[in-house]
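This briefing walks through selected features of the model shown below, topic by topic. It is meant to be read alongside the sequence and the coordinates.

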Amino acid sequence: MKIPRACLFLAGTLFAAGTLSAATPIRTLIIDGQNNHDWKKTTPVLKQILESTGLFQVDVVTSPPKGGDFSTFRPEFAKYRLVVGNYNEFPTGDKWPEDVKTAFERFIDNGGGFVSYHAADNAFPEWPAYNLMIGIGGWLGRDEKSGPYWYFKDNKLVSDTTPGRAGNHGARTPFVVVTREPKHPIMRGLPEKWMHASDELYSRMRGPGKNMIVLATGWSDPANRGTGHDEPMLMALTYGKGRIFHTTLGHDPAAMACVGFITTLQRGAEWAATGKVTMKVPKDFPAADKESVRQ
Ligand code: ZN
């Protein structure tokens with residue numbers, strides 16, 4: 001029997017797609033080496049969270065220490081589909097060399113994925129493309145020149161041009177994360193509200209906020225040095241052909257043990273790399289009034 005060419009083509013396509021998802025993990029690069037947080041502890045946790053899905057294969061590139069020789073620090077972005085930022089120069093560390101910045105911009109512009117994890121949004125206030133990628137940032141001298149404040153008011157995202165410094169948080173405490181975009185692939189199937197394990201709740205974040213969807217917020221309690229606003233916690237952005245998932249969560253391994261952190265990081269990373277989310281919401285996902293952590 002003669003098999004029509006179209007069927008052969010279809011079978012080949014299906015086989016290729018199946019092979020891709022089963023055997024070709026998303027090559028991922030975590031960048032660390034300088035951070036006002038304990039990156040030596042948090043990078044292995046990020047790697048484990050991503051690799052435990054079976055979807056990602058994670059390498060790590062560690063920059064020289066503060067003041068070190070950056071002449072050989074040249075991350076090979078082209079080998080990867082996803083970069084995870086666990087780097088910042090807070091308070092007086094090193095900027096990346098100009099050609100590394102250019103290569104990173106090109107990588108994202110051409111369709112690469114980026115995850116901005118916790119204090120990665122403190123980094124590089126003077127680098128316009130980086131701030132377009134993360135949407136909002138804090139500290140390191142950011143102020144009204146960095147862009148407006150962004151937060152939710154009356155259930156709508158607003159920008160506020162009031163002058164002032166950017167970046168703040170109170171004492172670490174559990175807090176409720178509220179889903180704002182339930183139809184976005186990263187958030188689909190997640191509860192409207194869930195209790196995050198004890199963590200910093202960032203507030204007073206400023207930036208260009210372009211091509212930015214705020215996926216989830218947390219209420220910044222004035223009794224804990226907060227603003228009284230619903231502050232952005234999780235964001236999805238685009239830059240050129242690239243996608244960015246920005247999570248402000250995960251100060252330390254204890255906060256990263258929250259199943260809400262784990263799940264949104266995995267799903268956000270998959271979306272940033274591929275534009276889709278195939279991972280299911282786990283059964284131990286936290287409820288509105290109850291934390292859930294994995295040891
Ligand atoms: Zn922190």
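**Briefing on local geometry, a zinc site and internal spaces**

Pro91 is found in the loop between strand S3 (82-85) and helix H3 (98-109), and the peptide bond that leads into Pro91 from Phe90 is cis, with omega near -5°. The model is a predicted one, and the points below take up its backbone geometry, its zinc ion, one buried serine and the spaces enclosed or lined by its residues.

**Backbone geometry**

- As background to this group, most residues other than glycine have a negative phi, and most peptide bonds are trans.
- Asp154, in the loop between strand S5 (149-153) and strand S6 (156-160), has a phi near 50°, a positive value in a residue other than glycine.
- Asp154 counts as exposed because its relative accessibility is 68%, and exposed here stands for a value over 50%.
- Asn211 likewise has a positive phi, of about 50°, although it is not a glycine, and its place is in the loop between strand S8 (193-199) and strand S9.
- With a relative accessibility of 55%, Asn211 also counts as exposed.

**The zinc site**

- The protein donors of the zinc ion are His37 through NE2, His118 through NE2, Glu200 through OE and His251 through ND1, and they lie 2.0 to 2.2 Å from the ion.
- The arrangement is irregular because the 4 donor atoms around the zinc ion subtend angles of 90 to 157°, whereas four donors count as tetrahedral if all angles lie between 85 and 135 degrees.
- Along the sequence, the donor residues of the zinc ion follow the spacing H-x80-H-x81-E-x50-H.
- His37 lies in the loop between strand S1 (26-32) and helix H2, and His251 in the loop between strand S11 (242-247) and helix H5, so this pair ties together parts that are 214 residues apart in sequence.
- Both His37 and His251 are buried.

**A buried serine**

- Ser220 is placed in the loop between strand S9 (212-219) and strand S10 (230-239).
- Ser220 counts as buried because its relative accessible area is 2%, and buried stands for a value under 20%.
- Leaving aside residues up to four places away in sequence, Ser220 touches Leu201, Ser203, Gly226, Thr227, Gly228, His229 and Glu231.

**The second largest pocket**

- The second largest pocket holds about 150 Å³ of space, and its lining is made up of Val45, Gln48, Ile49, Ser52, Pro253, Met256, Ala257, Ile262, Gln266, Arg294 and Gln295.
- Helix H2 (39-51), helix H5 (253-256) and helix H6 (259-274) are the elements that give two or more residues to the lining of this pocket, and H2 gives the most, with 3 residues.
- Sorted by class, the lining of the second largest pocket has 6 nonpolar, 4 polar and 1 charged residues.

**The cavity**

- The structure holds 1 cavity of 30 Å³ or more, and the volume of the largest cavity is about 30 Å³.
- The largest cavity is lined by Gly85, Tyr87, Trp96, Phe114, Phe124 and Tyr130, a lining that divides into 5 nonpolar, 1 polar and no charged residues.

Key
Residues are numbered from 1 along each chain as its sequence is written. This is a predicted model: local features need pLDDT of at least 70, side-chain atom pairs count only at pLDDT 80 or more; totals for chains, interfaces and linings use all residues. Side-chain values use heavy atoms; hydrogens and water are left out. On a 1 Å grid over the protein atoms alone, a cavity is a set of points where a 1.4 Å probe fits but cannot get out, and a pocket is an open set with protein on both sides within 12 Å along at least five of seven lines; lining residues have an atom within 4 Å of a point. Grid points are joined across faces, edges and corners, and a volume is the space filled by probe spheres set on the points. Helices (H or I, at least four residues) and strands (E, at least two) are DSSP runs, numbered from the N terminus. Ala, Val, Leu, Ile, Met, Phe, Trp, Tyr, Cys and Pro count as nonpolar, Asp, Glu, Lys and Arg as charged, and the others, Gly among them, as polar. Donors are N, O and S atoms within 2.8 Å of the metal (3.2 Å for Na, K and Ca); water is not among the atoms, so sites may look incomplete. Four donors count as tetrahedral if all angles lie between 85 and 135 degrees; four count as square planar and six as octahedral if opposite donors are over 155 degrees apart and all others between 65 and 115; anything else is irregular. Buried means under 20% relative accessible area, exposed over 50%, partly exposed in between (1.4 Å probe, protein chains only). Contact means heavy atoms within 4.5 Å.
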